[in-house]
Amino acid sequence: MRHPNVPESLEGWWILHRMYSFDRIAWDRLDAGERKEIVAEAVKAFESLKHNDADCGLAQLLGHKADFMITHYARNYEGLAHAQIVVDKLRLSEYLMPALSYVSVLELGMYEATAKIHAALAQRELKANTPEWNAAFDEMVAEQGKSPHFGGRLWARIPQRRYVCFYPMDKKRGEQVNWYTLPYEERGRLMLDHGKIGRTYHGQVTQVISGSIGFDQYEWGVDLYADDPMVFKKLIYEMRFDEASSKYGHFGDFYSGVQFSLDQLETYLDGTGVPALNAEVLQPA
Ligand code: 76R
């Protein structure tokens, strides 16, 4: 993608969200010993999906749309396929009814950087879209991936903050308004404004934007993580007044809940309390 109308993006983790309804009634009918066995098997499996090249996060969701969410990160697409099989084979899966899933890849947008790369290449004596030009372009994009601005975020692990909010979204492609027919500079300006609002929440919220064009129903998945759920309401509301959202944003269903650590799976499944998010212990690969 080297067309001057198309902003480049850098990609990191492959991401699979899986939401389920949990059959708590059937679970409660099991005897204590069997529940313990199923929990132990599941915890072991989730731990095996959490190492240097993968991550796995659990959350209790609120509301009827789904009860339980697993978030998988993997270095490649096959890693997600593997995670899916591992979970499907668990005895626990007998009590989990699929409610939604979402496939995407962590993405950092590069409106400003792409424009700068095109400008820098225009200064050189290279003809656009020749192999030499393409190589120089690709190299400059890859270089950005190593920069302090982008680098650390491509492979950041699932944020360990108590509250999570997930929703998919599109940028409108309607007859009246169409994000994709706006001139590049205009889209760049709108994303800059978007980022400005976002940055006033810096520290209060961790956003993970993942691209899902070609993989799932919407164009992006949005994950927000915070230490206070009210931050989601404030931030998302404020963004609604920003043109990139007010005019061009189109949203899917919202899912929100509490993240909890793997060692709290039993608490969640047995319903003995609200499962906690304890300090993360990373298992060796
Ligand atoms: O990556 C950066 O931090 C630079 C600025 C930035 C980009 C490029 C940024 C900042 N976002 C970017 C891209 Mn975002 N973001 C959303 C939503 O609910 C809504 O109205 C929209 C959902 C929220 C809440 C949010 C929050 N962002 C994107 C893209 C890709 C668009 C494209 O490429 O065309 C989408 C779909 C999207 C959606 N954004 C921020 C935030 C926050 C909080 C920030 C600041 C982060 C920080 O500085 O900590």
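This is a short talk through one protein structure, from the ligand site out to the cores and a few single residues.

Okay, hi everyone. One thing to keep in mind before we start: what you see is a predicted model.

Let's begin at the ligand. It carries a manganese atom, so to speak our landmark for today. Which protein atom acts as a donor to that manganese? There is a single one, NE2 of H194, and it sits 2.2 Å away. If you want to find H194 on the screen, look in helix α7, residues 184–199.

Now zoom out a little. The ligand has 22 residues around it, and the ones that come nearest are R153, Y167, H194, H202 and S245. Where do the shell residues come from? Strand β5, helix α7, strands β6 (205–211) and β7 (220–226), and helix α8 each supply at least two. Helix α7 gives the largest share, with five residues.

Some side chains also pair up with the ligand through polar atoms. S245 has a polar side-chain atom 2.5 Å from a ligand oxygen. For H202, an N or O atom of the side chain is 2.7 Å from an oxygen of the ligand. And Q207 puts a side-chain N or O atom 3.0 Å from a ligand nitrogen.

Since α7 keeps coming up, let's stay with that helix. Here's a little check you can do yourselves. At 1.5 Å a residue, the 16 residues of α7 should span 22 Å, and the C-alpha atoms at its ends are indeed 22 Å apart, so the two agree. Which residues of α7 are buried? They are Y184, R187, G188, L190, G195 and I197. Covering them we find, among others, β4, α4, α8 (230–240) and α9 (243–246).

Next, the inside of the protein. A handy rule to remember: in soluble globular proteins, nonpolar side chains tend to be buried together. In this model, the largest nonpolar core has 29 residues, and L10, M19, Y73 and L106 have the most contacts inside it. The elements that give two or more residues to this core are the strands β1 (8–22), β2 (54–61), β3 (68–74), β4 (96–110) and β5 (163–171), plus the helices α4 (111–123), α5 (131–145) and α6 (148–154). There is also a second, separate core, with 28 residues, including C56, I70, A83 and Y268.

Now for a few single residues. My first pick is L92, in the loop between α3 (77–88) and β4. Is L92 buried or exposed? Buried: its relative accessible area is 1%. Leaving out its neighbours within four places in sequence, L92 is in contact with W27, I38, E41, A42, L265 and L269. L92 and V39 are 53 residues apart along the chain, yet their C-alpha atoms are separated by 7.4 Å.

That brings us to V39, which is in helix α2, residues 32–48. V39 counts as buried because its relative accessibility is 6%, and the cut-off is under 20%. Beyond four places in sequence, V39 is in contact with W27, L265, E266 and L269. For a sense of distance, take V39 and R187: they are 148 residues apart along the chain, and their C-alpha atoms are 48 Å apart.

Another loop residue is E219, between β6 and β7. E219 is a buried one too, at 9% relative accessibility. A polar atom of the E219 side chain lies 3.0 Å from the backbone nitrogen of K171. Setting aside residues up to four places away in sequence, E219 touches a list of residues that includes Y102, M169, D170, R173 and Y180.

Then there's S261, in the loop between β9 (255–260) and α10 (265–270). S261 is buried, with a relative accessible area of 12%. With residues up to four places away left out, S261 touches A276, L277 and N278.

Last stop: the loop between α4 and α5, where we find A128. At 51% relative accessible area A128 is exposed, because the cut-off for that is over 50%. From A128 to S246 is 118 residues in sequence and 36 Å in space, C-alpha to C-alpha.

The same loop, between α4 and α5, also holds N129. Most residues other than glycine have a negative phi. What is phi for N129? It is near 65°, a positive value in a residue other than glycine.

That's my tour, thanks for listening!

Terms used: Residues are numbered from 1 along each chain as its sequence is written. This is a predicted model: local features need pLDDT of at least 70, side-chain atom pairs count only at pLDDT 80 or more; totals for chains, interfaces and linings use all residues. Side-chain values use heavy atoms; hydrogens and water are left out. Donors are N, O and S atoms within 2.8 Å of the metal (3.2 Å for Na, K and Ca); water is not among the atoms, so sites may look incomplete. Helices (H or I, at least four residues) and strands (E, at least two) are DSSP runs, numbered from the N terminus. A nonpolar core is a set of buried Ala, Val, Leu, Ile, Met, Phe, Trp, Tyr and Cys residues joined through side-chain atoms within 4.5 Å. Buried means under 20% relative accessible area, exposed over 50%, partly exposed in between (1.4 Å probe, protein chains only). The expected span of a helix is 1.5 Å times one less than its number of residues. Contact means heavy atoms within 4.5 Å. A residue is near a molecule or strand if one of its heavy atoms lies within 4 Å of it. A polar contact is a pair of N or O atoms within 3.5 Å; within protein, one must be able to donate a hydrogen and the other to accept it, and residues adjacent in sequence count only if both atoms are side-chain atoms.
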